[in-house]
Amino acid sequence: QVQLVESGGGLVQAGGSLRLSCAASGRSFSGAHMAWYRQAPGNKRELVATITSGGTSNYADSLKGRFTISRDNAKNTVYLQMNSLKPEDTGVYYCNARYINIWASEFGNWGQGTQVTVSS
């Protein structure tokens, strides 16, 4: 089990930036594949970005170029840098950890989420 705690959400104007953090504890962080998901009001949760234990990252096609996922194994933390934010980026952002590099379904350990609100 990995315990995850997200932080860094808040209210920002369109065009602004936020950096989300997810601090992990418990099972080995360096061996975990990490991801950020988000859920907008009334919508299903969607995968935003992933980063493998080896540091390979992938993004939802619609977010490439604006969001960057990274990890610091020394700090047991994964980050999501979000730039050029749009109102449609509003939602609750969740951190996820898993030990199998498969992303077709939702499983693994989850944080409680952090709210991001982008005003127009």
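Which residues does Leu-80 touch, not counting residues up to four places away in sequence? The list is Leu-18, Arg-19, Leu-20, Trp-36, Val-48, Ala-49, Phe-67, Thr-68, Ile-69 and Tyr-93, where contact means heavy atoms within 4.5 Å. The model behind this list is predicted, so local features need pLDDT of at least 70 and side-chain atom pairs count only at pLDDT 80 or more, while totals for chains, interfaces and linings use all residues. Residues are numbered from 1 along each chain as its sequence is written, and side-chain values use heavy atoms, with hydrogens and water left out.

Leu-80 also turns up in the largest nonpolar core, which has 26 residues. A nonpolar core here is a set of buried Ala, Val, Leu, Ile, Met, Phe, Trp, Tyr and Cys residues joined through side-chain atoms within 4.5 Å. Buried means under 20% relative accessible area, exposed means over 50%, and partly exposed is in between (1.4 Å probe, protein chains only). Met-34, Trp-36, Val-78, Leu-80, Met-82 and Tyr-93 are the members that touch the most other members. At least two core residues come from each of β1 (2–7), β3 (18–26), β4, β5 (46–51), β7 (67–72), β8 (77–82), β9 (91–98) and β11 (114–119). Strand β3 gives the largest share, four residues. As for the labels, strands (E, at least two residues) and helices (H or I, at least four) are DSSP runs, numbered from the N terminus.

Strand β1 shows an alternating pattern of side chains. Val-2, Leu-4 and Glu-6 point to one face and are buried, whereas Gln-3, Val-5 and Ser-7 point to the other and are not. β1 runs antiparallel to β3, and six bridges join them; two strands pair if DSSP finds at least two bridges between them. Val-5 has Ala-23 of β3 as its bridge partner.

Next comes a charged residue, Arg-38, found in strand β4 (residues 33–39). Arg-38 counts as buried because its relative accessibility is 9%. Its side chain makes a polar contact of 2.6 Å with the side chain of Glu-46 and another of 2.9 Å with that of Asp-89. A polar contact is a pair of N or O atoms within 3.5 Å; within protein, one must be able to donate a hydrogen and the other to accept it, and residues adjacent in sequence count only if both atoms are side-chain atoms. Leaving aside neighbours within four places in sequence, Arg-38 is in contact with residues including Lys-44, Arg-45, Leu-63, Phe-67 and Tyr-93.

Lys-44 sits in the loop between β4 and β5. With a relative accessible area of 74%, Lys-44 is exposed. Not counting residues up to four places away in sequence, Lys-44 touches Arg-38 and Gln-39. Lys-44 and Leu-4 are 40 residues apart along the chain, and their C-alpha atoms are separated by 21 Å.

Two arginines have their charge over a ring, which requires CZ of Arg (or NZ of Lys) within 6 Å of the ring centre and within 35 degrees of the ring normal. The charged end of Arg-27 sits over the ring of Tyr-99, 3.8 Å from its centre. Arg-45 lies over the face of Trp-110, at 3.7 Å from the ring centre.

Over in strand β11 is Thr-114. Thr-114 counts as buried because its relative accessibility is 11%. The side chain of Thr-114 reaches the backbone nitrogen of Gly-9 at 3.2 Å. Among the residues that Thr-114 touches, not counting those up to four places away in sequence, are Glu-6, Ser-7, Gly-8, Leu-20 and Tyr-93.

Finally, a look at backbone angles. Most residues other than glycine have a negative phi. Asn-76, which is not a glycine, has a positive phi of about 50°. Asn-76 is in the loop between β7 and β8, and at 31% relative accessibility it counts as partly exposed. Ser-84 also has a positive phi, near 50°. Ser-84 lies in the loop between β8 and β9 and is partly exposed, with a relative accessible area of 41%.
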